[in-house]
Amino acid sequence: LFKMVDMLRGESLAVESSQIKLWADENLGEESEQRTINIKTRIGNYDAVKETVTSLIGDEGFSYIQEDTFFICPNGRLKLREYNTGESLLMFDVEADNQASADSKYRYSEVKDLSATKTILNLAYGIKGVVKTERLIAEFGQTKIHLDRVANLGDFIEIWVDLTHDQTLEDGQEVARHVTEQLELDKKEIVRLSYIDLLTEFDDCL
C-alpha cells in the first residue's frame with residue numbers, strides 16, 4: 001500500500017500499488033485525442049451519492065487528489081495536472097460549454113519535469129487559476145463517474161462517456177442520460193461551466 005496525502009484535509013489515503021498509474025501509457029502522446037460526453041451536477045449529500053454510486057457499480061472505486069493549474073489560453077483549456085502520487089500530465093481540451101451534455105475533445109502528455117514545465121508555461125501564458133480536487137473515480141461500462149470535492153466550490157458528480165469510433169454524440173448523450181437517471185440526479189442541479197470557470201466567476205463577484 002502507498003500513502004497519499006489529502007491536500008484538502010491533510011489526511012492520508014491508502015492506495016494499492018496497482019492503482020498508482022492513473023492513465024494508460026498507450027493513450028499518451030500524439031494520438032491521445034479522445035471524444036467524450038460530460039454531464040456535471042452539483043450534489044448536496046456527498047455520502048448518500050457515494051453510496052448510490054458504489055452500489056450501482058459494485059465497487060468502492062479509487063480515490064486520489066489532484067491539483068490543476070490552468071493557464072491563460074484563448075483556444076481552449078490548457079492545464080498542468082499534479083497527482084498526489086507524484087505523477088503529472090499536461091492537458092489541453094476544447095469543450096462545448098453551456099450545454100447540459102457537453103462534447104469534449106482533449107489531448108494529454110506525461111510531464112517529467114513538473115517545476116520547469118510550470119515555470120515555462122507561466123512565463124509564456126500566465127496562470128488563470130488553480131483547482132484542487134479530491135476525486136473518487138469509478139468505471140461503469142464505457143462510463144467514468146467522478147465524485148468530486150472541490151476546494152472553495154463544494155461537491156459535484158461528473159458523468160464521462162468515452163465515445164467509440166462508431167458512436168455519434170447522440171449515442172453518448174443517451175448513455176449519459178441513462179446513467180444520470182440510474183443515479184437519480186437532479187437535472188436542476190446541472191452545472192454547465194468548468195470548475196476553473198466557476199471559481200473565476202466566484203472571484204469576480206467578490
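A nonpolar core, as the term is used on this tour, is a set of buried Ala, Val, Leu, Ile, Met, Phe, Trp, Tyr and Cys residues joined through side-chain atoms within 4.5 Å. The model you have open is a predicted one.

**First stop: the nonpolar cores**

Begin by selecting Val53, Ile145, Leu147, Ile157, Ile159 and Leu183, which are the residues with the most contacts inside the largest nonpolar core, a set of 19 residues. If you then colour by secondary structure, you can look for the elements that each supply at least two residues of this core, namely strands S3 (34-42), S8 (127-140), S9 (143-150) and S10 (154-162), together with helices H1 (46-57) and H3 (169-182). The largest share, four residues, comes from H1.

Stay with Ile145 and display its surroundings: leaving aside neighbours within four places in sequence, Ile145 is in contact with Val53, Leu136, Ile137, Ala138, Phe140, Ile157, Glu158, Ile159, Val179 and Leu183. Another core, of 10 residues, lies apart from the largest one, and Phe70, Leu153, Tyr195 and Ile196 are among its members.

**Second stop: the strands around S8**

Now show the backbone of S8 and S9, which run antiparallel and are joined by eight bridges. Ala138 has Ile145 as its bridge partner in S9. Follow the chain into the hairpin of these strands, where two residues lie between S8 and S9 and Gly141 takes a positive phi near 65 degrees. S8 is also joined to S4, again in an antiparallel arrangement, by 10 bridges, and here you can select Thr69, whose bridge partner in S8 is Val130.

**Third stop: from S4 to S5**

Select Phe62, Tyr64 and Tyr83, which form one aromatic cluster. The structure has three aromatic pairs, and one of them is the edge-to-face pair of Tyr64 and Tyr83, with 5.5 Å from centre to centre and 70 degrees between the planes. This pair links distant parts of the chain, since Tyr64 belongs to strand S4 (residues 62-71) and Tyr83 to strand S5 (residues 77-83), 19 residues apart. Tyr64 is buried at 5% relative accessibility, and Tyr83 is likewise buried, at 9%.

Next add Asp68 and Arg81, whose side chains meet in a salt bridge of 2.7 Å, N to O. Because Asp68 lies in strand S4 and Arg81 in strand S5, this pair ties together parts that are 13 residues apart in sequence. Asp68 is buried, with a relative accessible area of 4%, and Arg81 is buried as well, at 8%.

**Fourth stop: other charged side chains**

A search of the whole structure finds 13 salt bridges. For one that involves an exposed residue, select Glu110 and Lys112, which meet at 3.6 Å, N to O; Glu110 is partly exposed at 26%, while Lys112 counts as exposed at 76%.

Move on to Arg149, which forms a salt bridge with Asp155, the closest N and O atoms being 3.0 Å apart. Asp155 is buried at 14%, whereas Arg149 is partly exposed at 24%. The charged end of Arg149 also sits over the ring of Tyr46, 3.9 Å from its centre.

Finally, select Lys40, Arg135, Asp148 and Glu158, which are linked in a network of salt bridges. Lys40 lies over the face of Tyr195 too, at 4.8 Å from the ring centre.

**Last stop: Ile39 and Ile190**

Ile39 lies in strand S3 and is buried, with a relative accessible area of 7%. Draw a distance from its C-alpha atom to that of Ile190, and you will find 7.3 Å between two residues that are 151 residues apart along the chain.

Definitions and conventions:
Residues are numbered from 1 along each chain as its sequence is written. This is a predicted model: local features need pLDDT of at least 70, side-chain atom pairs count only at pLDDT 80 or more; totals for chains, interfaces and linings use all residues. Side-chain values use heavy atoms; hydrogens and water are left out. Rings of Phe, Tyr and Trp (its six-membered ring) pair if their centres lie within 6.5 Å; planes under 30 degrees apart count as stacked, over 60 as edge-to-face and the rest as tilted. Buried means under 20% relative accessible area, exposed over 50%, partly exposed in between (1.4 Å probe, protein chains only). A charge sits over a ring if NZ of Lys or CZ of Arg is within 6 Å of the ring centre and within 35 degrees of the ring normal. Contact means heavy atoms within 4.5 Å. Two strands pair if DSSP finds at least two bridges between them. A salt bridge is a side-chain nitrogen of Lys or Arg within 4 Å of a carboxyl oxygen of Asp or Glu.
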